[in-house]
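Student: Could you take me through a close look at one part of this model, namely how its helices pack against each other? I'd like one connected walk-through rather than a list.

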2 protein chains.
Amino acid sequence: MPEEVARKPSRIQLRNRKRIMEAALEVFSQHGYRGATLDQIADAAGMSKPNLIYYFDGKEAIHVALLNRLMEDWLAPLHEMDPGGDPLDEILAYVRRKMEMSREFPRESRLFANEILQGAPRMGPHLERGLKPLFDEKAAVIADWVAEGRLAQIDPRQLLLSIWAITQHYADFDAQIRVLIPDEVAGWDAAFAHVEAMFRTMLTVSERSG
Amino acid sequence: MPEEVARKPSRIQLRNRKRIMEAALEVFSQHGYRGATLDQIADAAGMSKPNLIYYFDGKEAIHVALLNRLMEDWLAPLHEMDPGGDPLDEILAYVRRKMEMSREFPRESRLFANEILQGAPRMGPHLERGLKPLFDEKAAVIADWVAEGRLAQIDPRQLLLSIWAITQHYADFDAQIRVLIPDEVAGWDAAFAHVEAMFRTMLTVSERSG
DNA sequence: TCGTGGCTTTACCAAATGGTAAAAAACCAG
DNA sequence: CTGGTTTTTTACCATTTGGTAAAGCCACGA
């Protein structure tokens, strides 16, 4: 018996899966997993609810598919950090890439934040197998830079956490920031400038202790 | 006709309202507004669902009551920042208070994060009327300190955002941090030390530019 | 053009969920 | 005690929601 051969997806399948993922990202990132309904996703995707289920096994399957894709995009900027480059440049470039992701992909950031806030119920393995190794690797790189005196004394792991905290904050807490700092007063330019200056100061080896 | 006189709440009422708030905080902070159910809250509070409704008008009323109480506790640390004190001391003390709140009241932090993440649907007025004035006031104080040369050049509003981002991150992203930095490796002590050192460096007026 | 297999819709369903009505129980001032 | 008031329980209900069954539609290769 020919067991469940995975057939090549048709053009229609490709198109509709993409539409569903886009719609699901919109809805899940705004309402969280339980707050989102299949009807909302179906509406946003311009198709009927049973049609959704035809393409994905169910609500959870859609969410998982979304998280899977997200993980790759999310790790990419950190991957790019080059151990052979100039320490300060490399870290500041990473910070800039993260800021750009917050600006360009706030929904992805919020989807991730929602998942972690609730204890990462559907992401535990991803964090262990995807994020943790990369985190440890890059923390070690930074630790070397610090040991060589090419960066100010700093705990590499705490530094990475701080970078995530600040850059993702601009996407995740957008609703709050909009109230406190209206666009007319200061927008992304001010945020970019502040964040870069902050980390530059923090990481530059002090003249005094040289 | 005597219209809806607000009677003094009985002992039982006081006790049960408190139990409900505690239970609701637990459940809402973990699952978000829509993810939480009245049954869960009733269970956690050790009473029946209709009994909940006897004390609060409904699910939304409980949530709103929780957010109202939260707002006060949340603003307190910033209120304490004294314009007459030493700039660096005042800000670092504020940072420490915020870190303590993340450690002692992570559920409150997550409740707030959940609400903001979803666009602050039940908190808009609170942000405008409670948070914004205080934010503007304290930002002005910091701006003065900077103008007087008693703090390094920095955008006061972005500074406050960064403080919130980093300190609250330790509560909100706890699930992620637990995976990346196991307790045996580094706990709250390391976090406190890193955060304080970071802001100290960032805010200290450079010797060079004195 | 005519099947055939992939795609879509219509009509449902069972469980979960927020909430209500009203009786029963507990409480408490006189 | 006792009568009225507050509190709690039991038994429901309507809606929402994730999901299914099966009929119908449609594209496309022979």
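Tutor: Here's a walk through two helix contacts, with some background on chain A along the way.

Bear in mind that this is a predicted model, so let's start with how far to trust it. Chain A has a mean pLDDT of 91, with 93% of its residues at 70 or more. Among its elements, H1(A) has the lowest confidence, at a mean of 92, while H8(A), residues 156-172, has the highest, at 98. The stretch to be wary of is residues 1-5 of chain A, where the pLDDT is below 50 and the model shows zero contacts beyond near neighbours in sequence.

As for the overall build, chain A is made of 10 helices and has zero strands. Its C-alpha atoms fill a box of roughly 70 × 50 × 30 Å along the principal axes. Of its 210 residues, 50% count as buried. If you take the contacts in chain A with a separation of 6 or more, 73% of them are between residues 24 or more positions apart.

Now for the packing itself. Two packed helices are described by the angle between their axes and the distance between the axes. Take H1 (residues 11-35) and H2 (residues 38-45) of chain A: their axes come within 8 Å and cross at roughly 150°. An angle over 145 degrees counts as roughly antiparallel, so that's what H1(A) is to H2(A). The crossing is right-handed. On the H1(A) side, the contact uses Arg19, Ile20, Ala23, Ala24, Val27, Phe28, His31 and Gly35 of chain A, and these meet A:Gln40, A:Ile41, A:Ala44 and A:Ala45 in H2(A). By class, that gives eight nonpolar residues, three polar and one charged.

The other contact goes from chain A to chain B. H8(A) packs on H10(B), residues 188-203, at an angle of about 65°, with the axes 10 Å apart. That angle makes the two helices, H8(A) and H10(B), roughly perpendicular. Here too the crossing is right-handed. From H8(A) come A:Gln158, A:Leu159 and A:Ser162, which meet B:Ala190, B:Ala191, B:His194 and B:Met198 in H10(B). This contact of H8(A) with H10(B) has four nonpolar and three polar residues, and no charged ones.

So, to put the two side by side: H1(A) is roughly antiparallel to H2(A), whereas H8(A) lies roughly perpendicular to H10(B).

Conventions: Residues are numbered from 1 along each chain as its sequence is written. Chains are lettered from A and ligands numbered from 1 in the order in which they are written. This is a predicted model: local features need pLDDT of at least 70, side-chain atom pairs count only at pLDDT 80 or more; totals for chains, interfaces and linings use all residues. Side-chain values use heavy atoms; hydrogens and water are left out. Axes are lines fitted to C-alpha atoms, for helices over the stretch in contact, and angles run from 0 to 180 degrees between N-to-C directions. Helices (H or I, at least four residues) and strands (E, at least two) are DSSP runs, numbered from the N terminus. Angles under 35 degrees count as roughly parallel, over 145 as roughly antiparallel, 65 to 115 as roughly perpendicular and the rest as oblique. A crossing is left-handed if the near helix is turned anticlockwise from the far one by less than a right angle, and right-handed if clockwise. Contact means heavy atoms within 4.5 Å. Ala, Val, Leu, Ile, Met, Phe, Trp, Tyr, Cys and Pro count as nonpolar, Asp, Glu, Lys and Arg as charged, and the others, Gly among them, as polar. pLDDT is the predictor's confidence in each residue, from 0 to 100. Buried means under 20% relative accessible area, exposed over 50%, partly exposed in between (1.4 Å probe, protein chains only).
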